[in-house]
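Here is a short briefing for a first look at this protein. Keep the sequence and the 3D view open while you read.

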Amino acid sequence: MRSGRVAKAPGRQAGAKGISPALVVHVKEGRLTRGRMSPRGAWISPANLLTLVMLCWSTPTALPSLTPTAAHPVSVQMGGAQMGALAKLRNSHVSPNVTISPPFLDYKRRPLCIPATEKVVVSNTASADPLVIYSISTESVHFQPTFFHKLTVGPGQSASLSILFLARQEGIAFGTLVLETSVGGFLIQVQGEGVPNAYRAKPLLEVKVPMGLMFQPQLELFNPFDHVLKIKEVFTNEGFLHLMLPKIPTPRKPGDPSSVTMYDGDVWEVKPHRSNKFINLSFHGTNPGKHTGFVHVRTDVDTLVIPVEVHVIKGGIHRLPELLDFETLTSAKARKEVTLSLLNSTPLPVAITDVVISSPDPHLQIIFKRGSVVLAPNAEGPVATVVYMGKSEGQFSGTLIVRTNDTVAANKVVEVPYKATVLYGSITYSEDNTSFPVGNSPYETIEKTIVITNKFSLPLQLFTASVEETAFQVSGLGVDVVVQPNEQAPPITLRFTPDVEHTLFSTALSLHTNVSVLRIPITAYHGKLSVNPGGGAGVDFGTLGLNVRKTRVLKVTNPNPVAVSITGFQGPSRKVASLSVKLQDVRDKEGNAVAEEAKGRALRKLLAGEKGFDGWALKPGHTLSLRVDVHCTAEEEVAEAVTFSTDAETVTTSITYQSLVGSLTLSPLSVKFPPTFAGQVLREPVYATSTFKTALKMHSIVSNDTRVSFFLANITLLPAVRTYVGDVLIDPSRGKTEDDYMASSVWTGAVGDGMARKGDVELQAETDAVFQSLVARGAHEIWAELRMDTGVMLNTLNVRASLGRTEMLSPAHKGFAFNLTQVGRAAALSIPISNPSSRPVFVQLLLPPGANGARELPCKSEETCVDKSVFLSPLSLMTGVTLPPNSEGLLGPVYFVPKRQGVHHASLYLRTNLTFLQILPVSGESGTGRLELGDGASPPAVPCPADDLQCDVITFD
């Protein structure tokens, strides 16, 4: 073989079934040449090796299809000694006498995190020259040589090199080993397929941690065996990773302040088909960059090596997870939801403005509410829910676009890739073997066998089978069982051991497969009925008065996942004329009445107590309701029962009551309140007189109007004593919001500039319209009932009231009317004002609004207006004062300071948080009572009549 050439292999090598020979491409003398791999491996002369790209693909028979992988660049680095040796060999034009066996490595299917080792034998076929192996290397993270050191292989001798494959992800991984020797460089193709391991351990890859924060995941191990799995050792050689035992809460012991303790030996033992959190990792992100390492877990069965790859990031917005993987959907109606989260490692909050898909995908739906997501600094949070639907079969992928309000260009858009597989198919099994009837205590272990049939179009590989409930044990499934289409898997055995807490529940048998996690519903049930009221209390009517009708509803529910046949029913004795039990209805688990069930002949026969029929089946989740009526016309004491019989039990519910002669009289018989309004709470006392021989207890008082309530003062009503029961209260503010015509419906707070707003005048008109509508509809009249139940009697108290408008000013003082006042003098006037409500009222005296809604002065300046004003108001009234509840006061003073004779008029607005807005007219008459001769100048103005007050302008002439 000439230097720089690649020898052609005569054919496919033994042991390489399903593996295509690798193609080696290199540039020689400016031309692109190719050749097949030699049985001794590919040899490349460094003098001609300019560029080397390896292309490799495979079509294993276990998978239906496989997409070719991308090209993997490989570089070969030579030292001076190797270059010299190779140059010498190149010049001699002699092929190196080296064979490599096998020429390529195929690790087949290997579980994730469980290392697998294969050997490569390098033989020196030369007769005289020794072969020096300098190194063996690869750029693949899946394959690594183990414990290699420089070695010399003598003529006719061989050396064995160990190559480790540690699957980090599911799917086929390819790699190229570069063997550097004294006679040239050799390429060895390697491949292996990663599949889920039986322990459900997964690598921790592409974890992103903001700089300065902690990453503390828990590692969990599943036991797929029928015996206890023992963890012998857990360690790591990486200094950035720290291992800690997990903690669990334990009951606090007397005198022990701590309620937390570490696991003891239980952490190292995993029960069959159960999971244990056995170790905590702790990583502190102090240095930015990628940190890689391994956690070694040695058990009594296998040794696991869990890769850990943590990226410490400084700044930026990052997607979590890196890829939205919807896995496999197995039907056209299947839906899979995945939460899209982002990590904000910037020092500022970031708002998510939109989440869209880059190109249309009819299978995908994004659930995102604009303006609802803001990520805090250095925090991770959910952004959107992404739903994928199995509308059609195939493999799908795409990209989501997340837009933010970040000012940094690199953070404005975050791209999130996704992928999904839709493969129609299912597994079939006998549903009879998925339900476990539980008998009475002492409970016996129940064992059932489930045989599944593969209805998918491709082989189904079963990795593990488990049930989360501790009452179940799973056995019978081997490791990596492959079931061909339309074939049955080995039987899976479920052993169920009931206890008091595990007699009625639903769970699932989870099958981890190469398609998806398939779940088979598992139910355990006791076959008993739930009766309400039950638990020994029964239906107790207590003490009843004569001619008082009472009704209770007895509900019988089937909580089991299967129908329960009621084979017998016995009602109360027909001799008790005051008691009757009748069918009310049958409802499903959603509460909907099922008319056909209630009208069925079997149910009628059952309630009639007929014999000789198979019974009536109460479906899962359905409820049978019976109405129990009592009407006593004479004194009696009754103790009856109703009984239901099923195959599992006989349920008896008692019905008891006692009737007595007597009466209960309320005083007053009805309550009528004076006209009231929202903001005022009125109350009237109520008394009761009992003629029963025993004391009565007030069980409940119910109103049919939210505005009417009762304050209960005494719960016990003694015989022949007039007892104060409590007060009836009416509070109109608890009515409907749309019927509120008081200031509370439009109040926006105090006015700060002393002038009424135009908008307030319009709002006042709206409240007036609301009240007028109430009157027109008759809704201003309140008719309510209070139903008082003592258990013996049911009394009704009628309550009546009407809603009206309230006034804070008396009819005689609805404005400021000044008496005759001498020109040049000042008159002060205050008018009485009252707060009739039960709440504090805020009061302001305001000037009328200007033409354009703003404050407008009729003169050039404030000082000029004060000098010329006829009426003045203290600023304290304009800024506002507060009146306590149910109090009275004086509104004022308002000053009249006439400058000339005549009648003067103005207007003020009274603005409160009770009545809202009311116009107050202001008027005064001025004159002079003496003849005065002078130069005709006006008398001096009075800026503010009271020395301790500041005044504002009302109007001027």
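Where is Arg 200 placed? Arg 200 sits in the loop between β14 (184-195) and β15. The model is predicted. The protein has 7 helices and 73 strands.

**Overall make-up**
- Of the 957 residues in the protein, 44% are buried.
- The accessible surface is about 48100 Å². Carbon and sulfur atoms account for 51% of that surface.
- Take the contacts between residues at least 6 apart in sequence: 73% of them link residues at least 24 apart.
- The number of disulfides is 0.
- Cys 113 is buried, at 0% relative accessibility. Cys 632 is also buried, with a relative accessible area of 0%.

**Helix α5**
- Helix α5 covers residues 758-777, which is 20 residues. At 1.5 Å a residue the expected span is 28 Å, and the end C-alpha atoms lie 30 Å apart, which agrees.
- Its buried residues are Asp 760, Gln 764, Thr 767, Phe 771 and Leu 774. They cover an arc of only 75 degrees around the axis, so they lie on the same side of α5.
- That buried set packs against β71 (902-912) and β72 (916-927).
- The face turned away from the buried side carries the exposed residues Glu 762, Gln 772, Ala 776 and Arg 777.
- Gly 778 follows α5 and has a positive phi, near 75 degrees.

**Strand β37 and its partner**
- In a regular strand, side chains alternate between the two faces of the sheet.
- Strand β37 (residues 446-450) shows this alternation. Ile 446, Lys 448 and Ile 450 point to one face and are buried. Glu 447 and Thr 449 point to the other face and are not buried.
- β37 pairs with strand β42 (residues 492-496) in the antiparallel sense, over 5 bridges.
- Across that pairing, Glu 447 stands opposite Arg 495 in β42.

**An open sheet**
- An open sheet of 5 strands runs in the order β15-β25-β24-β18-β22, with mixed pairing.
- β15 (204-210) and β22 (269-270) stand at the edges. Each has a single partner strand, so one side of each is left without a neighbour in the sheet.
- Inside the order, β18 (residues 229-235) and β24 (residues 289-299) run antiparallel and are joined by 4 bridges.
- Glu 233 stands opposite Arg 298 in β24.

**A buried threonine**
- Thr 653 lies in strand β53 (residues 650-660).
- Its relative accessible area is 3%, so Thr 653 counts as buried.
- Neighbours within four places in sequence aside, Thr 653 contacts Val 531, Pro 533, Gly 538, Val 539, Leu 554, Glu 640, Ala 641 and Val 642.

**Unusual backbone geometry**
- Most residues other than glycine have a negative phi, and most peptide bonds are trans.
- Arg 200 has a positive phi, near 60 degrees. Arg 200 is partly exposed, with a relative accessible area of 24%.
- Ala 720 also has a positive phi, of about 55 degrees. Ala 720 lies in the loop between β60 (716-717) and β61 (722-730). At 67% relative accessibility, Ala 720 is exposed.
- Ser 101 and Pro 102 are joined by a cis peptide bond, with omega about -5 degrees. Pro 102 is in the loop between β6 (98-101) and β7 (104-111).
- Ser 667 and Pro 668 are also joined by a cis peptide bond, with omega about 0 degrees. Pro 668 is in the loop between β54 (664-667) and β55 (670-672).

How values were computed:
Residues are numbered from 1 along each chain as its sequence is written. This is a predicted model: local features need pLDDT of at least 70, side-chain atom pairs count only at pLDDT 80 or more; totals for chains, interfaces and linings use all residues. Side-chain values use heavy atoms; hydrogens and water are left out. Helices (H or I, at least four residues) and strands (E, at least two) are DSSP runs, numbered from the N terminus. Buried means under 20% relative accessible area, exposed over 50%, partly exposed in between (1.4 Å probe, protein chains only). Contact means heavy atoms within 4.5 Å. Accessible areas come from the Shrake-Rupley method with a 1.4 Å probe; for residues, only the protein chains shown count as cover. The expected span of a helix is 1.5 Å times one less than its number of residues. The arc is that of the directions from the helix axis to the C-beta atoms. Two strands pair if DSSP finds at least two bridges between them. A disulfide is a pair of cysteine sulfur atoms within 2.5 Å.
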